[in-house]
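Please work through the exercises below with the sequence and the model open beside you, trying each task before reading its solution.

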Amino acid sequence: MPDIPIQSVSAELPSRRRVIQRGLLGAAALTVGRGSLYAVGAEDRAGGTGVSAGEELIPFLDAQPLAPGKATLHWDTLTDWITPMDQFFGVQHYGVPKDAAEGYKLECTGLLDKPRTLTLDDLKKLPKKEITATLECSGNGASKTFMGAIGNAKWTGTPLAPLLRECGLAAEAIEIAFWGSDHKSEKIRDAEYDQNFARTLSIADALRDDVILAYEMNGEPLAAGHGAPVRLVVPGWYGIAWVKWLTRMEARDRRLMNRFTARDYVTLRGKELPDGHVSWQESSVGPMNLKSMVAKVVRRKDGITVMGAAWSGLTPLKSVEVKIDDREWLASKIDDSHSEPYTWRFWTIDWTDPKPGEHTLVSRAIDAKGNVQPAQEDAAIKLKKTYWEANQQWPRRIKV
Ligand SMILES: Nc1nc2c(c(=O)[nH]1)N[C@H]1C(S)=C(S)[C@@H](COP(=O)(O)O)O[C@H]1N2
Ligand SMILES: [Mo]
């Protein structure tokens with residue numbers, strides 16, 4: 001995997017990056033990971049130990065090192081469908097802006113018949129909408145040590161579409177640019193220019209019913225790090241689209257080509273054409289790919305249960321299968337106590353005849369259109385040449 005983009009994500013993850021730069025990915029990191037995973041458990045984490053009385057967590061041989069003091073999902077004790085806040089990752093490229101909530105205003109501008117500026121109170125007076133949606137960074141899973149950048153939360157705000165319509169979108173508008181108040185100087189060709197973070201959605205994507213301007217996360221006002229006072233929530237899309245510290249929405253008649261829409265967060269893939277040629281194509285990171293992970297393995301009185309999560313962007317998830325060593329794929333049982341469209345689903349399989357020794361466990365998600373989460377050696381992954389949007393199957397090793 002190329003290693004450049006870890007750096008762009010790692011505004012969040014300095015200690016993780018240091019680990020990578022020092023090349024400590026072998027035995028040392030493993031020991032650290034396992035020690036901290038199971039020792040801190042109950043006392044230190046809202047997520048708890050991940051097991052009930054009478055059960056035992058079977059540690060992974062490839063346990064993930066956790067960056068101390070950094071919020072990241074603890075897969076190996078995964079219990080909560082709504083991610084505990086202290087495990088909810090954060091990514092910001094230009095840092096967390098100071099006082100973003102002070103005198104807050106959201107400007108609706110560009111190709112609109114009736115441009116408007118709204119305060120937070122104005123937004124709160126508009127119709128309220130709540131949606132639970134899973135937020136995944138498109139860098140999640142792109143390197144062997146970066147897989148905790150996903151979380152599930154309930155978001156509350158006002159739907160974007162009615163507000164845009166009320167502002168009178170001009171017929172020639174093709175996209176909306178969403179600007180954050182965070183900014184930094186970026187080198188563009190030969191010179192430096194001050195740039196605010198910005199991302200765009202086509203008009204059709206922006207007018208989806210479930211896109212909201214959110215001011216609450218899990219019933220609390222948004223935290224500064226998660227975009228207070230207002231962020232965009234784009235269920236089914238990778239995190240880069242969920243613009244934090246949103247201060248300006250601009251209807252445009254031409255494509256915005258900035259760092260986050262055109263230069264970075266771009267995926268290069270080869271597409272095999274019928275005549276055998278491979279067409280190499282770059283596209284901007286968009287909806288989330290079909291994906292699943294084995295999260296934890298628990299020993300019970302009567303056998304072993306393997307538990308994990310799966311998610312699928314805009315297409316509903318249909319099933320999750322699990323493979324133990326070289327056996328056939330087994331259908332898992334998907335937990336149906338939570339089944340909202342843009343959220344991850346938890347799944348389990350019971351493993352009744354585990355033989356003592358080392359084993360490899362891997363899961364694959366299948367969506368309603370019949371797409372199957374690809375294996376590392378499949379063309380879909382082999383022909384993906386860049387870091388973002390990694391959704392390859394992720395084998396995990398255990399010893400029972
Ligand atoms: N304004 C702004 N919004 C942003 C970003 C940013 O750097 N600035 N990072 C994006 C990325 S890459 C991700 S993965 C999500 C992370 O959201 P979180 O920090 O609330 O988890 O925010 C997105 N929104
Ligand atoms: Mo991200």
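Two exercises follow, one on the ligand site and one on a pair of cysteines.

This is a predicted model, in which local features need pLDDT of at least 70 and side-chain atom pairs count only at pLDDT 80 or more, while totals for chains, interfaces and linings use all residues. Residues are numbered from 1 along each chain as its sequence is written, chains are lettered from A and ligands numbered from 1 in the order in which they are written, and side-chain values use heavy atoms, with hydrogens and water left out.

**Exercise 1.** Describe the surroundings of ligand 1, beginning with the residues and ending with the covered area.

*Solution.* Begin with the shell, taking a residue as near if one of its heavy atoms lies within 4 Å of the molecule: ligand 1 is surrounded by 20 residues, and the closest are Phe89, Asp182, His226, Arg231 and Lys244.

Next, look for polar contacts, here pairs of N or O atoms within 3.5 Å. Polar backbone atoms lie 2.7 Å from a ligand 1 oxygen in the case of Phe89 and 3.0 Å from a ligand 1 oxygen in the case of Val91, whereas Arg231 brings a polar side-chain atom to 2.7 Å from an oxygen of ligand 1.

Finally, consider the area: of the 530 Å² of accessible area that ligand 1 has on its own, the protein covers 100% (Shrake-Rupley method, 1.4 Å probe).

**Exercise 2.** Explain why Cys108 and Cys167 form no disulfide.

*Solution.* Start from the criterion, which asks for two cysteine sulfur atoms within 2.5 Å. The cysteine sulfur closest to that of Cys108 belongs to Cys167 and is 4.4 Å away, so the pair is too far apart for a bond.

Then turn to accessibility, where buried means under 20% relative accessible area (1.4 Å probe, protein chains only): Cys108 is buried at 2%, and Cys167 is buried at 1%.

Technical notes
Polar contact = N/O pair within 3.5 Å; in protein donor to acceptor, adjacent residues only side chain to side chain. Buried < 20%, exposed > 50% of the residue type's maximum accessible area, 1.4 Å probe, protein only.
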